[in-house]
Structure formats: C-alpha cells, structure tokens
Amino acid sequence: MAATIQSTTTPIPLDSRPEHIENILGGLDRYNPETVSVFQDYVQYQCENKTYDCLANLALLKLYQFNPHLTREETITNVLVKALTMFPGPDFSLCLHLLPPNILDPAISPEPLADAVRKLTHLNTLLESASYREFWNTYEADDLYADLVADCAGFEDTMRDMIALQTGAVAREIRTEVVSGWLNLGEEELKAFGERLGWKVEGDVVKLPLNRENEAKTTVFRENVTFNQFQGVVKRAYEQAA
Amino acid sequence: MSFSQVNGGPRPPHDDDSDDEVLASTLVEAIHGNDEEDDYEGETGSISGFQPSGDDIQQRLSAAAQPLEFQAGLPERFASYDKYCGLFAYLLNSEGPVDLEIPTYHWAWEVIDEFIYQFNTFCSYRHRVARKGGNEEEVQILKENPQTWGCYSVLNVLYSLIQRSQMNEQLAAIKKGEDPDEVAGEYGSRPLYRMLGYFSIIGLLRVHCLLGDFTLALKTLDDIELNKKAVFAKVMAAHFTTYYYVGFSYMMMRRYADAIRTFSHILVYVSRTKNYQKNNAQFDAVTKKNDQMYALIAMCVALCPVRLDDTIHASLREKYGDQFTKMQRGGPEAIPIFEELFMQACPKFISPNPPDFENPENNVDPAQHHLQVFMYDVKNTIFTPVLKSYLKLYTTMDLNKLASFVETDAETLRKQLVVYKQKNRQVRWTEGGLLEGELTQTADLDFALQGDIVHVSEAKVGRKLVDWYLRNLQKSFA
C-alpha cells in the first residue's frame with residue numbers, strides 16, 4: 001500500500017504475513033489487549049528480518065491508543081523507524097495519526113517518547129521534502145538517532161536503497177557531487193554502490209540506466225475503439241436493408 | 001477472553017479478567033441503578049428488564065432514534081447511554097431473535113447514527129470539561145465513570161450487531177451472486193437485525209475515522225460495494241455519510257485522486273436529486289455536510305489538480321471561489337486557507353480515552369493533532385503550482401535558469417522537482433476493496449533530469465473521433 005515509485009528492486013522484501021497475524025487482523029482479536037505481545041514480537045521480527053507490515057503495525061498502535069497503560073515506548077519508535085523507510089508513502093503519517101494528540105507539542109509533553117517521536121518526525125519531514133543531504137547530516141549529528149534505529153537491522157542501507165530508487169526515477173544523469181551527498185557516500189563507495197544498480201560513475205557525472213520514470217517521453221493517449229461501439233450502427237444497417 | 005465472545009453490553013476498557021457473565025450482570029445492575037434517573041426525560045417506559053411488552057419496546061425503539069437535545073447536560077448523556085445499552089442488550093441477548101417490525105424505514109440508520117453521534121458529542125463534551133477545568137461536580141462524575149460511552153463499548157455494540165446478523169457473510173454471498181438468506185441465520189434473516197447489522201458497518205467506518213484510523217476505516221467497507229445500487233443508497237443520509245467518511249479517509253491517506261472521485265460522485269448525485277430531496281427531513285443535515293465536502297474537494301484539487309465535473313466546478317466556485325483560487329495558486333499564503341477549511345470540514349475527531357483531568361493543558365484537541373499531520377503534506381506540496389506553471393512553458397530548460405524564475409537556488413529546486421515527481425504518482429483505486437489500487441500518474445506534466453537540464457514531457461490526449469463519427473452516422477440514417 002505504500003506509494004513508492006515502482007522499480008525492479010524492492011528494497012524491503014514484502015514477505016507474506018504469518019498466518020497467526022493474519023488471523024488476528026481478520027477477527028476481533030485485533031482489539032484484544034492480550035494480543036499486544038504478539039504484535040510486539042512481530043515488530044521485533046520485522047526489524048530483524050527487514051520485512052514490513054503496515055496493517056499489523058497500525059493495529060498495534062490502535063491497541064496502544066485504546067489501552068495506554070500497555071504502551072511500550074521502544075516498540076512505538078521501532079514502528080516509526082520502520083515506517084520511515086517507506087517514504088514517500090503515507091505510512092509514517094498514518095502512524096502519527098494514531099499516537100496521542102499531545103505528542104507533537106514540545107511545550108506539553110516533554111517526556112522521552114514524545115521527544116523521540118518529534119525527532120523522527122523531523123527526519124520524516126526531511127525525507128518527504130527530498131532533503132536527503134540534510135537527512136544524513138541531521139541523522140549523524142545526534143546520537144539519539146543511532147539508539148532509535150539500533151533495533152532496525154540495516155536501516156542505513158535501506159534508506160540508501162530508497163533514496164537511490166528516487167534518484168533513479170528523476171534523473172538519467174546527475175552530478176556525482178549531488179548524488180554522493182544524497183546517499184552519504186564517498187566517491188569510491190558510490191562506485192561500488194552504483195555498480196549494483198547499473199549506474200556508471202564517469203568523472204563528475206553519474207549515468208543512470210533508463211527506466212519508465214526517467215525517460216520523460218511525451219505520450220499521446222489514443223482512444224480505444226471497440227467493435228461494440230459500432231454495434232448499433234451495424235445492426236441498423238441490417239434492419240434497413242431488410 | 002477474546003473480544004469476539006462478548007455480545008452486547010459495554011466492556012470495561014481496562015478490565016481484562018471480566019467474562020461474559022460478569023459483564024452481563026454489571027449491565028443489568030447498571031440498568032437497574034439508573035431507574036430513578038429516568039424521570040427527567042419524561043417517561044418513555046421503565047428500563048428494568050429484558051422482557052418488556054411489545055408497546056414498550058416499540059416506544060424505546062423510536063426513542064433511540066430521537067436526537068438528544070443540543071443543550072443536554074451530563075445526567076441526560078449518562079441516561080441516554082444506559083438506554084442504548086439496555087436496548088442493544090435486549091436485542092442481542094434475549095433468548096432468540098426479538099420478533100419486531102422496524103418502526104419506520106429509516107429507523108435502523110437513525111438509531112446507529114444517533115448512537116454514534118451521541119458517543120461523539122459525549123467525548124467532545126468530556127474533553128471540553130477536562131480542558132476548561134471548570135465544574136468540579138462534572139469532573140468528579142466523569143472521573144468516576146470512565147466506561148460510560150467508552151470506545152470499547154461502542155465498538156462492541158457495532159461489532160455484535162454485525163456478527164449477530166452475519167452481515168459480512170451475507171454481503172460476501174451477495175457479492176458472489178448467492179442468496180444471502182442461506183447464510184443469514186436466525187437473526188440475520190429478519191429485517192430488524194439485517195438493517196442494524198448493515199448500518200453498523202457504516203457506523204464502524206465512521207468511528208474508525210473519528211479515531212484517526214483511516215486505513216481500518218476503509219478496510220471496514222471491504223464487503224460493501226460503493227455504488228448507487230448499494231443498500232445505504234436507499235437512505236439519503238446514510239448514502240451521504242458513507243461517501244463523506246470514505247472520501248475523508250482517502251484524503252488523509254494522501255490518495256487525493258480517490259478522494260476527489262468519491263466526493264465528486266456524491267456531490268453530483270446530490271445536485272441532481274436536490275429537487276426531490278428538498279422536502280425530506282434529512283435535507284438540512286445533508287446541506288451542511290454538502291458544504292463541508294465542497295471544502296474538502298477544493299483542498300484535494302489544489303493538492304492534486306484534475307478536471308472536475310462541470311456542475312461541481314461551478315458550485316465550488318460559487319461557495320469557495322476565493323479560497324479555491326488562493327489554494328490553487330499555492331505558496332505560503334495558501335497555508336492558512338488549508339488550515340481554516342480543514343477545521344471547518346473535518347469530522348469531530350475524538351480521543352478514545354478519558355482525558356487528563358489533573359493537567360488541563362495536556363488535553364490537546366485531537367483535530368489539531370490530525371491537522372498538524374495533514375499539514376506536513378500540504379506544506380511539502382505548496383510550491384508545486386508555481387513550479388508547474390513554468391514547466392508547462394518549456395520542453396527543455398536549464399536547472400539554474402528555472403531556479404532563478406521560481407526565485408530559489410538550484411539545490412532547492414532539485415528537491416522540489418523530486419517532490420513534484422513523487423506527488424505526481426498516486427495509488428488509485430480500480431477494483432476490489434477500497435484500499436486496493438494501482439500506482440498511476442495524476443498530472444499530465446512529467447520531467448526527467450539530465451545533469452542540469454530538465455526535460456519536460458507531457459501526456460496528451462489525442463482527438464476523440466469515435467463519438468463524432470457515430471453521431472454523424474446516426475444522422476445519416478435518419
């Protein structure tokens with residue numbers, strides 16, 4: 001359901017959902033506070049195995065919404081970190097909608113969870129506005145971020161893959177200096193990284209393979225004509241002849 | 001205990017050890033305990049047992065559909081909650097289905113509608129009391145009764161009505177072209193349960209949306225096909241409400257193209273049937289929601305420009321012409337307009353839990369929270385109209401030159417172009433459940449970067465000849 005720009009590589013393998021999670025989501029047990037621990041384990045599983053399941057994570061946040069005393073802060077931040085990797089999809093904001101209304105206001109909720117949520121929201125804003133260089137700068141400038149993403153295996157690699165995907169969608173040629181800032185990679189690292197995707201680093205430009213998105217071909221939609229549209233005419237032609 | 005086993009009656013939100021019997025008996029107690037409070041709403045029959053006489057239940061049924069007075073205070077709201085609990089417990093927990101004819105055609109919708117409306121206003125009321133501090137006595141009552149109008153109770157009623165009537169199974173059968181009566185069971189084959197079950201699904205859509213769970217809201221309608229033939233279309237207010245909440249949920253999921261399609265559908269329908277509806281009692285409520293939907297569609301079109309139906313476009317200009325132009329123009333001046341229209345047109349969001357009575361400032365209005373999250377996307381997209389107006393004029397363009405036109409630097413412009421591209425791709429519904437969809441391009445202008453050169457491309461629509469050809473053929477036959 002995430003609105004990522006299509007590509008041939010899926011950065012996060014969308015494994016099929018485990019059966020026991022499917023059963024809970026399909027029935028009324030999704031409201032049962034006892035399933036909180038099942039969902040929490042599943043978030044842990046997603047973090048370790050680089051999978052992602054938006055509907056299950058939203059169901060967990062809803063259980064927290066209904067039963068605030070069950071809230072586990074590190075699970076909330078893990079869910080948000082996972083959602084962050086789905087940019088530019090709406091996942092992160094869908095999670096925010098289910099958190100307590102006072103969480104984004106620094107004057108009202110100064111506790112650690114709110115602080116972490118606001119920090120992650122800031123990262124999300126940078127990602128959504130395609131400020132990738134600033135994203136990496138912010139991310140590296142504050143040690144708290146390293147703690148927040150610690151559970152989420154391969155976070156930096158995933159983000160790099162996602163940013164590369166967006167780059168591939170807008171450009172067929174881009175200055176090396178720009179793209180190395182976007183991916184937070186030095187020149188040599190960039191060469192190695194780009195090779196996998198078929199990118200060619202040629203001096204100060206990187207050439208990217210053509211795909212449906214970066215071709216920007218002018219297309220003309222022609223109308224499709226079906227025989228059925230002419231049914232009436234043909235029918236009448238027969239009737240008149242008779 | 002799983003939630004699914006509880007039928008009828010409220011469930012204490014934090015009490016995991018309760019079981020059905022405890023729940024049922026607390027419910028009976030709650031009902032008995034409130035006997036004396038019945039007086040101030042006039043006598044509508046004593047709520048004292050599960051086997052009232054026929055006349056009595058008829059009265060209670062029609063009372064349940066009656067709107068609560070706008071000025072109602074806490075005691076009235078508590079009493080009304082108990083009455084609903086009593087009524088639903090009677091319908092769901094009697095031995096076998098209750099043998100009743102629906103009092104009026106719209107009755108089932110009105111009961112569910114009023115039930116959720118009162119839940120909604122109760123939560124807002126409680127929130128207001130907590131925020132203002134004010135009335136000590138009211139604070140005390142609210143603190144002591146956290147379960148009254150709790151979201152678990154409300155959801156429980158709606159889910160129980162759906163389950164009792166086997167509504168999801170019935171709808172699935174209808175979809176497959178089978179006879180719904182075969183799966184309806186003892187309860188679901190009766191009009192009373194069937195209608196209550198059906199409208200409870202619409203009720204769930206609404207409750208989820210009010211709680212900010214827009215994904216689940218749309219998922220709830222998986223078994224209902226949205227079209228004019230759907231059952232809800234027979235009750236104008238239900239038809240209208242469904243489309244409002246579906247459209248709004250799409251908007252919050254940033255699927256603006258789908259939101260526009262949803263709002264357009266119902267707004268066209270209303271404008272065409274306006275003359276038939278004028279004498280209808282529901283029409284006033286419809287008019288207000290109608291204006292709200294015009295505000296919402298204006299926001300969506302500003303965020304995702306598409307061609308609107310001519311009649312809608314004309315009414316939109318009439319109602320929100322000034323704001324619409326400003327939003328379409330984009331830029332920082334448009335932000336307050338988006339905020340204003342959102343607050344005007346959004347549902348009355350609720351926080352599911354009792355507020356923090358000790359720290360009034362802690363109780364942020366949920367609408368403000370949802371607005372803030374929604375505005376992230378608006379603020380991120382607000383520059384696109386200007387950018388687009390320049391892209392339209394060129395086929396190739398130097399990045400630095402374009403940057404000077406839009407009064408920014410090359411780096412910022414590059415970001416804006418990436419965002420433009422991303423916003424230009426949206427998941428759009430084609431078939432199946434409301435959450436399904438395919439990624440499509442929404443605007444006709446697209447671009448690609450080659451170093452610092454912007455290549456602009458356009459998706460043009462070719463001439464449409466078939467219609468013209470057919471029309472002229474018809475003429476020549478005549």
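Start by selecting helix 10 of chain A, residues 176-183. This is a predicted model, so treat every value on the tour as computed from it. Seven of the eight residues in helix 10 are buried, so the rest of the structure largely encloses this helix. To see which ones, show side chains for Thr176(A), Val178(A), Val179(A), Ser180(A), Gly181(A), Trp182(A) and Leu183(A): these are the buried ones. Now step just past the end of helix 10 to Asn184(A), where phi is positive, at about 60°.

Asn184(A) opens a small theme, backbone oddities. Most residues other than glycine have a negative phi, and most peptide bonds are trans. Chain A has some exceptions to visit.

Select Lys50(A) next. Its phi is positive, about 55°, and it is not a glycine. You'll find Lys50(A) in the loop that runs between helix 2 (36-49) and helix 3 (54-66) of chain A. Is Lys50(A) buried or exposed? Neither quite fits: with a relative accessible area of 37%, Lys50(A) is partly exposed, because that class covers everything between 20% and 50%.

Stay in that loop and click on Asp53(A), which also sits between helix 2 and helix 3 of chain A. Asp53(A) has a relative accessible area of 6%, so it is buried. What does Asp53(A) touch, once neighbours within four places in sequence are set aside? Show Arg17(A), Tyr42(A) and Gln46(A), and you have its contacts. For a sense of distance, draw a line from the C-alpha of Asp53(A) to the C-alpha of Pro112(A): 26 Å in space, for residues 59 apart in sequence.

Next, go to Ala130(A), in the loop between helix 6 (112-128) and helix 7 (132-141) of chain A. Here too phi is positive in a residue other than glycine, with a value near 60°. At 0% relative accessibility, Ala130(A) counts as buried.

One more backbone stop: select Phe87(A) and Pro88(A). The peptide bond joining them is cis, with omega about 0°. Pro88(A) belongs to the loop between helix 4 (73-84) and helix 5 (91-97) of chain A.

Now zoom out until all of chain A is in view. Its secondary structure comes to twelve helices and four strands. Turn the chain along its principal axes and its C-alpha atoms fill a box of roughly 85 × 60 × 35 Å. The radius of gyration of chain A is 24 Å, whereas a compact globule of 242 residues would have one near 18 Å. Buried residues account for 52% of the chain. Among contacts in chain A with a separation of 6 or more, 63% join residues 24 or more positions apart.

Switch to a surface view and chain A exposes about 11,000 Å², with carbon and sulfur atoms supplying 50% of that. Colour by charge for a last look here: the 21 positive and 36 negative charges of chain A have mean positions 11 Å apart.

Move across to chain B. There you can count 20 helices and five strands. Of its 478 residues, 56% are buried. For contacts in chain B with a separation of 6 or more, 69% are between residues 24 or more positions apart. Its accessible surface is about 21,100 Å², and 49% of this belongs to carbon and sulfur atoms.

Finish with the aromatic rings. Over all chains, the whole structure holds 33 aromatic pairs. Show Tyr187(B) and Tyr193(B): their ring centres lie 4.9 Å apart and their planes meet at 85°, so this pair is edge-to-face. Tyr187(B) is buried, at a relative accessible area of 11%, and Tyr193(B) is buried too, at 1%. Then pick Tyr198(B) and Phe199(B), another edge-to-face pair, 5.5 Å centre to centre with 80° between the planes. Both Tyr198(B) and Phe199(B) are buried.

For the last selection, bring up Phe214(B), Tyr244(B), Tyr245(B), Phe248(B), Phe342(B), Phe349(B) and Phe374(B) together. Ring pairs link these residues of chain B into a cluster.

Terms used. Residues numbered from 1 in each chain as written. Chains lettered and ligands numbered in written order. Predicted model: local features only at pLDDT ≥ 70, side-chain atom pairs only at ≥ 80, totals over all residues. Heavy atoms only, no water. Helix = DSSP H or I, 4+ residues; strand = E, 2+ residues; numbered from the N terminus. Rg over C-alpha atoms; globule rule 2.2 N^0.38 Å. Buried < 20%, exposed > 50% of the residue type's maximum accessible area, 1.4 Å probe, protein only. Contact = heavy atoms within 4.5 Å. Areas by Shrake-Rupley, 256 points an atom, 1.4 Å probe, with all protein chains shown as cover. Lys, Arg positive; Asp, Glu negative; His and termini not counted. Charge placed at Lys NZ, Arg CZ, Asp CG, Glu CD. Phe/Tyr/Trp six-rings, centres within 6.5 Å; stacked < 30°, edge-to-face > 60°.
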